[in-house]
Amino acid sequence: MINFYDTNEQDETEIVGVDFAYYDAIYRMTKDGEIYRMFGTSDQPVFRPSKISMIAGAPKFIMISGSHRKIVSMPKLVMQLVKQEERDRKWIVEHKDGDKTNCHPDNLEWAKFKGRNHGVK
């Protein structure tokens with residue numbers, strides 16, 4: 001299901017990235033962490049930018065297919081699709097620069113979850 005498409009052109013029909021599906025909806029994430037939804041046919045796809053929402057102070061992506069909806073953490077999605085790294089629930093994604101809105105792959109790293117410390121470092 002995860003495939004990279006390397007093309008030199010980057011227009012509305014050819015965007016380099018990783019494809020992933022949610023029910024019958026097809027999405028593509030670029031190497032910079034931007035998400036596009038594919039419309040049209042696989043022969044002539046048209047990609048439109050998807051909206052990233054801030055929910056509880058963190059960027060989330062809402063996958064939609066018909067009546068199905070799923071809210072996904074953008075940093076985890078970037079780590080799993082772009083960096084192709086996956087961890088269990090004991091790991092969290094940290095932002096190197098401390099900016100939760102910066103979900104560029106170079107800014108993300110896995111860190112061991114140490115429990116809630118109520119803002120104390």
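How many of the residues of helix 1 are buried? In this predicted model, helix 1 is mostly covered, with 6 of its 8 residues buried. The buried set consists of Met74, Pro75, Leu77, Val78, Met79 and Leu81. That makes the helix a handy place to start, but the rest of the chain sets the scene.

The chain holds 1 helix and 9 strands, and going along the sequence these follow the pattern β-β-β-β-β-β-β-α-β-β. Of its 121 residues, 33% count as buried. The chain exposes about 8300 Å², and carbon and sulfur atoms account for 48% of that area. As for how the sequence folds back on itself, take the contacts between residues at least 6 apart in sequence: 33% of them join residues at least 24 apart.

On to the sheet that the helix packs against. Strands 1 to 4 make an open sheet of 4 strands in the order 1-2-3-4, paired antiparallel. Strand 1 and strand 4 (45-49) sit at the edges with a single partner strand each, so one side of each has no neighbour in the sheet. From one strand to the next, the twist averages 35 degrees. Inside the sheet, strand 2 and strand 3 (residues 35-40) run antiparallel and are joined by 3 bridges; here Arg28 stands opposite Tyr36 of strand 3. Helix 1 lies across strand 1, strand 2 and strand 3, and runs at about 80 degrees to strand 2.

The loop between strand 2 and strand 3 is where Thr30 is found. Thr30 has a relative accessible area of 8%, under the 20% cut-off, so this residue is buried. Neighbours within four places in sequence aside, Thr30 contacts Ile15, Val16, Gly17, Tyr36 and Val82. Tyr36, then, turns up twice: opposite Arg28 and in contact with Thr30.

A second antiparallel pair comes later in the sequence. Strand 6 and strand 7 (residues 68-73) are joined by 6 bridges, with Ile62 partnered by Ile71 of strand 7. The two strands form a hairpin with 2 residues between them, and Gly66 in the turn has a positive phi of about 60 degrees.

What does the interior look like? In the largest nonpolar core, which has 20 residues, those touching the most other members are Phe20, Tyr27, Met29, Ile35, Phe61 and Leu77. At least two core residues come from each of strand 1 (18-22), strand 2 (25-29), strand 6 (58-65), helix 1 (74-81) and strand 9 (108-112). Helix 1 gives the most, with 5 residues. In soluble globular proteins, nonpolar side chains tend to be buried together. Leu77 ties several of these pieces to the helix: not counting residues up to four places away in sequence, Leu77 touches Phe20, Met29, Ile35, Phe61, Val72 and Val82.

Lys76 belongs to helix 1 as well, but it is not among the buried residues of that helix. Its relative accessibility is 33%, so Lys76 counts as partly exposed. With residues up to four places away in sequence left out, Lys76 touches Trp91, Val93 and Trp110. The C-alpha atoms of Lys76 and Cys103 are separated by 9.3 Å, while the two residues are 27 residues apart along the chain.

Key: Residues numbered from 1 in each chain as written. Predicted model: local features only at pLDDT ≥ 70, side-chain atom pairs only at ≥ 80, totals over all residues. Heavy atoms only, no water. Core = buried A, V, L, I, M, F, W, Y, C linked by side-chain atoms within 4.5 Å. Buried < 20%, exposed > 50% of the residue type's maximum accessible area, 1.4 Å probe, protein only. Contact = heavy atoms within 4.5 Å. Pairing = 2+ DSSP bridges. Axes fitted to C-alpha atoms, helices over the stretch in contact; angles between N-to-C directions. Areas by Shrake-Rupley, 256 points an atom, 1.4 Å probe, with all protein chains shown as cover.
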